[in-house]
Amino acid sequence: MKIQFMCMALSAMALVSSCSNDEMTAMSEVDAINFGVTTESVSRAADVYCNANLLSSFQVWARYGNGISWSTYIDGDRIVYSNGTWENDNTPRYWPKEGTLDFYAVTNDQGCWDWNAGNPVIRDFEVSEDVASQIDLLYAVKMGQSKPANSASKVMLNFRHALSQVVFQAKNINPKVYVEVEGVSICNVAGKGTYTLASLSTDGNTNEHSREGQYETSGRGNWTLASSASAYSVTFPTVSLSGDATAAAVSLTNSDESAPAYTHTMMLLPQTSTAWDPNTGVRPAESAGTYFLIKCKVWNVAGDRFSPADVAIWEGSDHGASNVAIPVALNWEEGKKYIYTFIFGKGSGYDPDGPTPVMVPITFDVTVDDFVNADQDVDLSTED
C-alpha cells in the first residue's frame with residue numbers, strides 16, 4: 001500500500017513592504033513548490049526505507065523548459081521531513097510563471113550524483129565490501145510539472161531502488177547428513193558502476209505491478225559496470241541443519257538475532273554474469289565466472305540422528321568449517337529481491353582448491369559369483 005505524506009504550504013517569503021498580508025499568503029500557497037514522497041515496497045530491510053517508514057531527507061534538482069530551451073532551476077536542494085511535512089532545508093522554492101519543471105531526486109548516492117548539464121547520472125557508485133554498511137540507493141523522477149492551481153498540489157516523488165537485494169537461506173533434505181553453516185560469499189561480481197537515469201517519471205509502485213505478475217520497467221535507467229572481480233561475504237552464528245526430506249528452508253540472512261535485520265542483507269549492483277564452470281578444471285578464484293562460497297561442515301549420520309561420534313564428510317584442516325564452491329549465473333534487475341536457497345543432500349558443491357566434487361554420493365553396483373562345485377561330495381551315510 002502506498003503511503004503518501006502530504007505537505008502543507010511553506011512559510012511565506014518576505015515581500016516588499018507595499019504588499020498586504022493577503023497578497024503574501026496567496027503567493028506562498030500557490031507558488032511554493034511542495035513535495036510528497038512514496039517509496040517502493042521492495043526494501044533493504046524491514047526497518048530501512050519501506051513504505052511504512054520513509055526516508056528522512058533527499059536532494060532534488062530541477063530543470064526548466066519553455067518548449068525552446070531549458071536551464072537549471074534547482075541545483076541540489078536538501079529536502080527534509082519535519083513535523084509531518086517535507087520542507088526545503090535551505091529556503092522555499094517557487095514555481096515559474098510559465099513553462100514546466102523536470103524534477104530529479106536522490107538519496108544515499110555517496111557523493112556520486114552528477115547533474116551532468118541536466119542529464120543526471122550516478123557516476124562511479126561503488127558498493128561497500130562491508131555488507132552491514134551497504135546502503136539502499138534511491139532515486140525519483142517527475143517530469144513536466146507546471147505551476148499548480150492551488151496549494152493542495154504537491155510534486156509527488158515515487159522513489160525506486162537502484163540496486164538489487166540478495167538474501168540467503170538453506171535446508172537439508174538428507175537424513176543421513178548433518179550440516180552446520182557459518183557464512184556465505186558471492187564472488188566475481190561487479191562492484192562499481194555508473195547509473196544513467198531515464199527521462200521518464202517513476203510513477204507507480206513496483207510492488208503493485210508485481211501483484212499482477214508484471215514488473216514495472218518504465219522510468220528505469222541503466223547501469224554501466226566498471227569491474228567484475230569483487231567479492232561480498234557475510235558470517236553469522238552457526239546455523240545447524242538436521243536432515244529431513246520435507247525440511248523447510250531456514251534463513252541464513254536473519255539468523256543473528258543480536259544484529260539488525262539488514263546486517264547480512266546484500267545490496268548489490270544489478271547485473272548479468274556467466275557461472276564459473278568447474279568442468280574446465282580451473283579453480284574458481286582463477287576464473288571470470290561467478291560462484292558462491294558456503295562456509296560449512298558436513299557429517300555423515302550413522303544412525304537415526306546426529307552424534308558427535310559421527311564422521312565428518314567435509315571440514316577444514318583445523319576440523320572446522322570450510323568453503324564449498326557453487327557455480328551461479330546472475331541475472332539481477334534493479335529493485336528486485338533475490339532469495340538463494342542452498343539445498344544440502346541434493347547435488348554437490350566443489351572444493352574451491354580442486355575443483356573436485358564435495359559430498360560425493362556412495363553408489364553401488366552389484367555382481368554375484370556363480371556357485372562353485374565343491375571338490376568332493378559329502379557322504380551323509382553313517383553306521384549310526
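Here is a short conversation about aromatic pairs and a few side-chain contacts in a predicted model.

Reader: What should I keep in mind before we start?
Author: The model is predicted, so local features need pLDDT of at least 70, side-chain atom pairs count only at pLDDT 80 or more, and totals for chains, interfaces and linings use all residues. Residues are numbered from 1 along each chain as its sequence is written, and side-chain values use heavy atoms, with hydrogens and water left out.

Reader: How many aromatic pairs does a search of the whole structure find?
Author: The search finds 21 aromatic pairs. Rings of Phe, Tyr and Trp (its six-membered ring) pair if their centres lie within 6.5 Å; planes under 30 degrees apart are stacked, over 60 edge-to-face, and the rest tilted.

Reader: Why is the pair of Phe125 and Trp223 called tilted?
Author: Their centres are 6.2 Å apart and their planes 55° apart. The distance is within 6.5 Å and the angle is neither under 30 nor over 60 degrees, so the pair is tilted.

Reader: What makes this pair a tie between parts apart in sequence?
Author: Phe125 lies in strand β7 (residues 121–126) and Trp223 in strand β13 (residues 222–225), so the pair ties together parts that are 98 residues apart in sequence. Strands here are DSSP runs (E, at least two residues), and helices are runs too (H or I, at least four), numbered from the N terminus.

Reader: Why are Phe125 and Trp223 called buried?
Author: Buried means under 20% relative accessible area, exposed over 50%, and partly exposed in between (1.4 Å probe, protein chains only). Phe125 has 2% and Trp223 has 14%, so both count as buried.

Reader: Why is the pair of Trp276 and Tyr291 edge-to-face?
Author: The ring centres are 6.1 Å apart and the planes are at 65°, which is over 60 degrees, so edge-to-face is the right word. Trp276 lies in the loop between β16 (266–268) and β17 (291–300), and Tyr291 in strand β17, so the pair ties together parts 15 residues apart in sequence.

Reader: How do you know that His161 makes a polar contact with Asp136?
Author: A polar contact is a pair of N or O atoms within 3.5 Å; within protein, one must be able to donate a hydrogen and the other to accept it, and residues adjacent in sequence count only if both atoms are side-chain atoms. The side chains of His161 and Asp136 meet at 2.8 Å, so the distance is within the limit.

Reader: What makes Ser201 partly exposed?
Author: Ser201 has a relative accessible area of 22%, between 20% and 50%, so partly exposed fits.
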